[in-house]
Amino acid sequence: MEKQLYIASQDRAGGILQCALTENGSLRRINTYPLDRAAFLCADGETLYAILREPFQMQSGVVAFDIRPDGTLGGQRGPEPVHGTISAHIFARDGRIYCANYLSGSVTLLPDRIAAYSGSGPHPRQDCSHPHCITATPDGQYICVSDLGTDSIYVCTEDLEIVSISKTPAGSGPRHLVFSADGCFAYGSNELNSTVSVFRYTEGRLTYLRSCSTLPESFHGENAASAIRLNESSTRLYVSNRGHDSVAEYAVEGDCLTLLGHRSSCGRSPREIHVVGNWLLCANEDSDNICVFSLEDGAAAQPVECFPVKRPWCILPGTR
């Protein structure tokens, strides 16, 4: 059975691609919805939201679409200003829409509630706060803001009031965060020192436990860890490496991660990855393609498809 996907292209002639992932792992384009530099996507019920990099002067914006019963998009609305520069992530739930404004050091709850963060870190890119991701806690009570600039993950109420702060090692640069299926643990990719961190989650508090490298010991070049994903059963964790151009795979047992190996992304700078059933999709930003791998094959196996997309930034599985 085919699975629908929405792909954001950062190319000026890109936008949102509606595609179908077939049973044999190939991608088929259904529609293209032109937008200027679409960045990140999310869905809330029957509405799809997309961040546009800079539809306003020095300010990002959000557009919304209705998701029709057949998965096509219609009723485009916006862009609506986010009151921040270079939004890196968007999250929506029950009509509440949040944007992580990377350069502005803030998170916006649309239309105009803004939480600004302060601080810095030892890395040259940590001159100030740089929120990079917004994730809901599994109990549905809070949202988490991963701040690359301050080595912090803020756990906040729905109105952006800080409940607790979890610190990662200095200079690590938290980027993205995912929670285990049982809701007891969280795993975060750290962009600046190419590690993945493990946290225990309890009632609005993330307790940092440990970090491990996303790279093989033999690699000594420049790298930035990027996307992080769990499979449906939370038994496997995947983190993409931009520089080493690979996907690290871990076996997961609660707070214990065991590195199983690395799979070539078969492209340059894998900004985004996603696990859809038994398929791993790897969006290689600098080689303009999405490579599809079977997770039933070994890490050395070649992709079953390399699908052309200009500057792919985000993959959002549909509900159909």
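Where does Ile-86 lie? This report starts with that residue and then moves through the sheets, buried sites and cysteines of what is a predicted model.

## Ile-86 and its surroundings

Ile-86 is found in the loop between β7 and β8. Although Ile-86 is not a glycine, its phi is positive, at about 55°. Ile-86 counts as buried because its relative accessible area is 15%, and buried means under 20%.

Strand β7, which covers residues 73–81, holds Pro-79. The peptide bond leading from Gly-78 into Pro-79 is cis, with omega near 20°.

## The sheet from β8 to β11

Next comes an open sheet of 4 strands, arranged β8-β9-β10-β11 with antiparallel pairing. Its edge strands, β8 (87–93) and β11 (113–116), each pair on one side only. From one strand to the next, the twist averages 15°. Looking at one pair in detail, β8 and β9 (residues 96–101) run antiparallel and share 6 bridges. Ala-92 is found opposite Ile-97 in β9.

A second cis peptide bond turns up here, joining Leu-110 and Pro-111 with omega about 15°. Pro-111 belongs to the loop between β10 (106–109) and β11.

## Ser-87, a buried serine

Strand β8 also contains Ser-87. With a relative accessibility of 4%, Ser-87 is classed as buried. What does its side chain contact? The side chain of Ser-87 makes a polar contact with the side chain of Asn-101, at 2.6 Å. Leaving aside residues up to four places away in sequence, Ser-87 touches Ile-51, Ser-60, Val-82, Cys-99, Ala-100, Asn-101 and Tyr-102.

## The sheet from β16 to β19

Another open sheet of 4 strands follows the order β16-β17-β18-β19, again with antiparallel pairing. Here the edges are β16 (174–179) and β19 (205–213), and each of them pairs on one side only. The twist from one strand to the next averages 25°.

Strand β18 (residues 195–202) pairs with β19 in the antiparallel sense, over 8 bridges. Within this sheet, Val-196 faces Cys-212 of β19 as its opposite residue.

## Ala-225 and Ser-234

Moving along the chain, Ala-225 sits in strand β20 (residues 224–230). Is Ala-225 buried or exposed? Its relative accessibility is 0%, so Ala-225 counts as buried. Not counting residues up to four places away in sequence, its contacts include Arg-175, Asn-190, Glu-191, Ser-194 and Thr-214. Ala-225 also touches Val-239, Ser-240, Asn-241 and Arg-242. The C-alpha atom of Ala-225 is separated by 22 Å from that of Gln-302, a residue 77 places apart along the chain.

The loop between β20 and β21 (236–242) is home to Ser-234. Ser-234 is not a glycine, yet its phi is positive at about 60°. A relative accessibility of 12% places Ser-234 among buried residues.

## Cysteines without disulfides

How many disulfides does a search of the whole structure find? The search finds 0. Two cysteines show the reason in terms of distance. For Cys-184, the closest cysteine sulfur is in Cys-144, 14 Å away, so the pair is too far apart for a bond. For Cys-314, the closest cysteine sulfur belongs to Cys-42, and the separation of 8.7 Å is again too far for a bond. The cut-off for a disulfide is a pair of cysteine sulfur atoms within 2.5 Å.

As for accessibility, Cys-184 is partly exposed at 34%, whereas Cys-314 is buried, with a relative accessible area of 1%.

Notes
Residues are numbered from 1 along each chain as its sequence is written. This is a predicted model: local features need pLDDT of at least 70, side-chain atom pairs count only at pLDDT 80 or more; totals for chains, interfaces and linings use all residues. Side-chain values use heavy atoms; hydrogens and water are left out. Two strands pair if DSSP finds at least two bridges between them. Helices (H or I, at least four residues) and strands (E, at least two) are DSSP runs, numbered from the N terminus. Axes are lines fitted to C-alpha atoms, for helices over the stretch in contact, and angles run from 0 to 180 degrees between N-to-C directions. Buried means under 20% relative accessible area, exposed over 50%, partly exposed in between (1.4 Å probe, protein chains only). Contact means heavy atoms within 4.5 Å. A polar contact is a pair of N or O atoms within 3.5 Å; within protein, one must be able to donate a hydrogen and the other to accept it, and residues adjacent in sequence count only if both atoms are side-chain atoms.
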